[in-house]
Amino acid sequence: MRKILVTGALGQIGAELVPALSARYGADAVVASDLRMLARAPDVEAGAFEHLDCTDIPAIHNLVQRHDIGAIYHLASLLSAVAEEKPQAAWNLNMGGLYGVLESAREHHCQVFAPSSIGAFGPSTPPDLAPQVTTQRPNTIYGVTKVAGELLCDYYHSRFGVDTRGLRLPGLISHIAPPGGGTTDYAVEIFHQAARYRHYSCFLEADTRLDMMYMPDAIAGMIELMEADPNRLIDRNAFNVTAMNFTPDELAAEIRTHIPDFVIEYDDVDPARQAIALSWPRRIDDTAAREQWGWSPKFDLAHMTRDMLDKVRARGHGA
Ligand code: AKB
């Protein structure tokens, strides 16, 4: 079997995708890579680990060839808030890295998973139940790279026959690796702060409604999409997917069912991240994913909250 390469493997998604791929296909079948060099990477040490800067296109080619890679999960990317602080770097990594991965995939006949995001939508997208195919005019550099990435993946599929697939992911909630500079990161931070201090100062306004998903569903969705019958995939790059939908106040209320004295306050809202959140749809419609490849998340708000608090406390982050 040709191997699977994961870029950005030490990030929030990669830290859980690599073990899931190793469990499914065998540790020898997975090559984890990241720009960061860690002395020990506990969750990926069973398989191969390679240092990879995704803006270095010859290095991607070299790695793909050397390891006989047949599929690439390309996760290396700057998230929305940090991208807005460094737009040039975001363009270089998000577009340059994807281009390098697609070129390697074209040359070496690899399948490619490239994550898109609710950030690929913008203020002129219908805000409630944003359809699969709709207006995409984002006003952030992150969104610009996500729309351009979706189009580039479609182009490599139609022009060169590369088997590209993607998901428009909502905010991802997880407890293994922290998210790195997203607008939805509050929904992760809140659990650590609630468990440890029973208090959280939120950087988004109380009523900012966004779609969210627990990481186990995101990982299962990525693998299911990559294994899906290609003849059923009409949309490919990229499918709307969501699992739950809430505001900071609603998440806080759910946490309070477990920690009754938990307090959330909004004295320190970040205008930059609030503006990004308000430019995204409040809710997206994932019917196409459900119909074309059977997308069906398992975790709702209550189930996710219970599991997150259990996991965060088990890792010693709580009282
Ligand atoms: C972010 O907030 O930037 C990401 C995303 C929704 O793409 N979590």
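How much space lies in the largest pocket? About 830 Å³. The legends below begin there. The model shown is predicted.

**View 1. The largest pocket has a lining of 41 residues.** Start with the residues nearest the centre of this pocket. They are L75, S77, L78, L79 and G180. Next, look for the helices and strands in the wall. Five elements give two or more residues to the lining: β2 (30–34), α3 (80–85), β6, α5 and β9 (171–173). Now sort the lining residues by class. Of these, 20 are nonpolar and 16 are polar. Five more are charged.

**View 2. Ten residues are found around the ligand: L79, S80, S117, I118, Y142, P170, G182, T183, T184 and W280.** Pick out S117 to begin. A polar atom in the side chain of S117 lies 2.6 Å from a ligand oxygen atom. Move to T183. Here a polar atom of the backbone is 2.7 Å from an oxygen atom of the ligand. T184 comes next. An N or O atom in its side chain sits 2.8 Å from a nitrogen atom of the ligand. On its own, the ligand exposes 250 Å². The protein buries 94% of that area.

**View 3. The largest cavity has a volume of about 170 Å³.** The count of cavities of 30 Å³ or more comes to one. Which residues lie nearest the centre of the largest cavity? They are L98, A114, P115, K146 and G149, out of 15 lining residues. Two elements give two or more residues to this lining, α4 (87–108) and α5 (141–160). Of the elements, α5 gives the most, with five residues. The classes are mixed. Six lining residues are nonpolar, seven are polar and two are charged.

**View 4. Three strands form an open sheet in the order β6-β8-β12.** The pairing in this sheet is parallel. Which strands stand at the edges? They are β6 (116–117) and β12 (239–240). Each has a single partner strand, so one side of each is left without a neighbour in the sheet. Now focus on one pair. Strand β6 pairs with β8 (residues 167–169) in the parallel sense, over two bridges. To find the two strands side by side, look for S116. Opposite S116 stands R168, a residue of β8.

**View 5. A cis peptide bond joins N237 and A238.** Its omega angle is about 5 degrees. Where is A238 placed? A238 is in the loop between α7 (215–227) and β12. That strand, β12, is also an edge strand of the sheet in View 4.

**View 6. D68 has a positive phi value.** The angle is near 50 degrees. D68 is a residue other than glycine. To find D68, look in the loop between α2 (57–66) and β4 (69–74).

**Linking the views.** Some names come up in more than one legend. L79 is among the residues nearest the centre of the largest pocket, and L79 is also one of the residues around the ligand. Helix α5 gives residues to the lining of the largest pocket, and α5 also helps to line the largest cavity. Strand β6 gives two or more residues to the pocket lining and stands at an edge of the three-stranded sheet.

Technical notes: Residues are numbered from 1 along each chain as its sequence is written. This is a predicted model: local features need pLDDT of at least 70, side-chain atom pairs count only at pLDDT 80 or more; totals for chains, interfaces and linings use all residues. Side-chain values use heavy atoms; hydrogens and water are left out. On a 1 Å grid over the protein atoms alone, a cavity is a set of points where a 1.4 Å probe fits but cannot get out, and a pocket is an open set with protein on both sides within 12 Å along at least five of seven lines; lining residues have an atom within 4 Å of a point. Grid points are joined across faces, edges and corners, and a volume is the space filled by probe spheres set on the points. Ala, Val, Leu, Ile, Met, Phe, Trp, Tyr, Cys and Pro count as nonpolar, Asp, Glu, Lys and Arg as charged, and the others, Gly among them, as polar. Two strands pair if DSSP finds at least two bridges between them. A residue is near a molecule or strand if one of its heavy atoms lies within 4 Å of it. A polar contact is a pair of N or O atoms within 3.5 Å; within protein, one must be able to donate a hydrogen and the other to accept it, and residues adjacent in sequence count only if both atoms are side-chain atoms. Accessible areas come from the Shrake-Rupley method with a 1.4 Å probe; for residues, only the protein chains shown count as cover.
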